[in-house]
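Welcome! Please take a moment with the sequence and the model shown below, and then we can walk through the fold together.

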Amino acid sequence: MRKKIKGKRQKGLATALVIACLWIGMQAEAQKPVISASLDSTQILIGQQTALHLEIAANQDSKLQLPYLPDTLMQGVEVLGISKPDTTDIGNRRMRIKYDYLITSFDTAVYLLPPFRLIAESDTSYSNDLILKVLTVKVDTVSGKYYDIKNVMNPPFVLADYVDILFYILGICILILIVVYVIFRKRKQRPIFPFAKEEKVFLPPHVRAIQALDAIKERKLWQQGQTKEYHSLISDTIRKYLEERFDVNAMEMTSNDILQQMQGMSAADFVFNPLKQILLLADLVKFAKYGASPDENETSMMNAYLFVNGTAPTLESKQNEENTTH
């Protein structure tokens, strides 16, 4: 009797163990990720679009590697857009993810779409296969009316379409005008703003004379055969300097008259000979058509600098002049 009871207990434990293993296996199977796919329409015309739906069920704490679709699902089937995933809690610590793909095809064929793969840690699941049939449009070749290809139409002119370009061009033109204006005013040594008060700087006569001689020298007139103009400019510069420095009406006087009047001035005594050379050589070149040599040309310029610098007022002479005037 005891042996029978013991045998029944052992059979009961074995049965319970089998049931527990089956239950654990079913639970484990139920916790695996699941992926399914469906089409709104399995048959479309060429160029039409249809939606492909993906639905995933998985544990909420699973690390999922969702299916990735490039621009082309397969050769002949293109992906036009992807919606944002829609996640829903379905209870029992499970979630459902839905998202859609908009697909189309421009080739007539029957396409067997490949299954989608879902990876969740060590588990991998595949969706069901899908079939998409793409049909062409029937053309009535008997009673249909056909028209030639129309020429390309030119769009109407709308000024608003070119406003941005016109503003860019106008801005560039204004910028160029401003740059040209500033350069012009700088070269003329004028203030950039015409309404600004220009401060007049009064330079002493010897400074203005040196600046004039520098300008004549830079033009290199006698080197270009313009000897007459070269000596005339040097002579006029010295005559103007004599008027401003010594109050001599040199512009209206002959060279001999200037030399006679300057001969008695102590301020110009030691540079009298350079002055004489400048004036007499200038008269020969201007009136006697004398062909001055390069050395004579250089000597006139050198003597002009010498005369101006030699007769420029010193600090002591300025004080004497101020005392005389007072």
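## A starting point: the hairpin

Let us begin with one pair of residues: glycine 91 stands opposite arginine 94 in strand 8. Strands here are DSSP runs of E with at least two residues, while helices are runs of H or I with at least four residues, and both are numbered from the N terminus. Strand 7 (residues 86-91) and strand 8 (residues 94-105) run antiparallel and are joined by five bridges; two strands pair if DSSP finds at least two bridges between them. Aspartate 86 has lysine 98 of strand 8 opposite. Two residues lie between the strands of this hairpin, and asparagine 92 takes a positive phi near 55 degrees there.

## About the model

This is a predicted model, in which local features need pLDDT of at least 70 and side-chain atom pairs count only at pLDDT 80 or more, whereas totals for chains, interfaces and linings use all residues. Residues are numbered from 1 along each chain as its sequence is written, and side-chain values use heavy atoms, with hydrogens and water left out.

The protein has eight helices and 12 strands. Of its 326 residues, 27% are buried, meaning under 20% relative accessible area with a 1.4 Å probe and protein chains only, where over 50% is exposed and the range in between is partly exposed. Among contacts with a separation of 6 or more, 61% join residues 24 or more positions apart; a contact means heavy atoms within 4.5 Å.

## More partners of strand 8

Strand 8 also pairs with strand 3 (residues 49-59), running antiparallel to it over 11 bridges. Here asparagine 59 has arginine 94 as its bridge partner. Strand 6 (residues 77-82) is another antiparallel partner of strand 8, joined by five bridges. In that pairing, valine 77 is matched with serine 105.

## Two open sheets of three strands

One open sheet has three strands in the order 4-10-11, with antiparallel pairing. Its edges are strand 4 (64-65) and strand 11 (123-126), each of which pairs on one side only. Strand 4 is joined to strand 10 (residues 117-120) by two bridges, and these strands run antiparallel. Glutamine 65 stands opposite isoleucine 119 of strand 10.

The other open sheet follows the order 2-12-9, and its pairing is mixed. Strand 2 (43-45) and strand 9 (109-113) are the edge strands, each pairing on one side only. On average, neighbouring strands of this sheet are turned by 25 degrees against each other, direction ignored. Strand 2 pairs with strand 12 (residues 130-135) in the parallel sense over three bridges, and glutamine 43 stands opposite lysine 133 in strand 12.

## Helix 4 and its end

How far apart are the end C-alpha atoms of helix 4? The 20 residues of this helix (residues 227-246) should span 28 Å at 1.5 Å a residue, and the end C-alpha atoms are indeed 28 Å apart. The expected span is 1.5 Å times one less than the number of residues. Just after helix 4, aspartate 247 takes a positive phi of about 55 degrees.

## Helix 7 and its two neighbours

Helix 4 and helix 7 pack with their axes 11 Å apart, at an angle of about 10 degrees. Axes are lines fitted to C-alpha atoms, for helices over the stretch in contact, and angles run from 0 to 180 degrees between N-to-C directions. The two helices are therefore roughly parallel to each other; under 35 degrees counts as roughly parallel, over 145 as roughly antiparallel, 65 to 115 as roughly perpendicular and the rest as oblique. Residues in the contact include Tyr230, Ile234 and Ile238 of helix 4 and Met301, Ala304 and Val308 of helix 7. By class, there are 10 nonpolar, five polar and two charged residues. Nonpolar covers Ala, Val, Leu, Ile, Met, Phe, Trp, Tyr, Cys and Pro, charged covers Asp, Glu, Lys and Arg, and the others, Gly among them, are polar.

Helix 3 (residues 205-219) and helix 7 (residues 294-311) have axes that come within 10 Å and cross at roughly 170 degrees. These helices are therefore roughly antiparallel to each other. Their contact includes His206, Ala209 and Leu213 of helix 3, along with Met301, Ala304 and Val308 of helix 7. Its residues divide into eight nonpolar, two polar and two charged.
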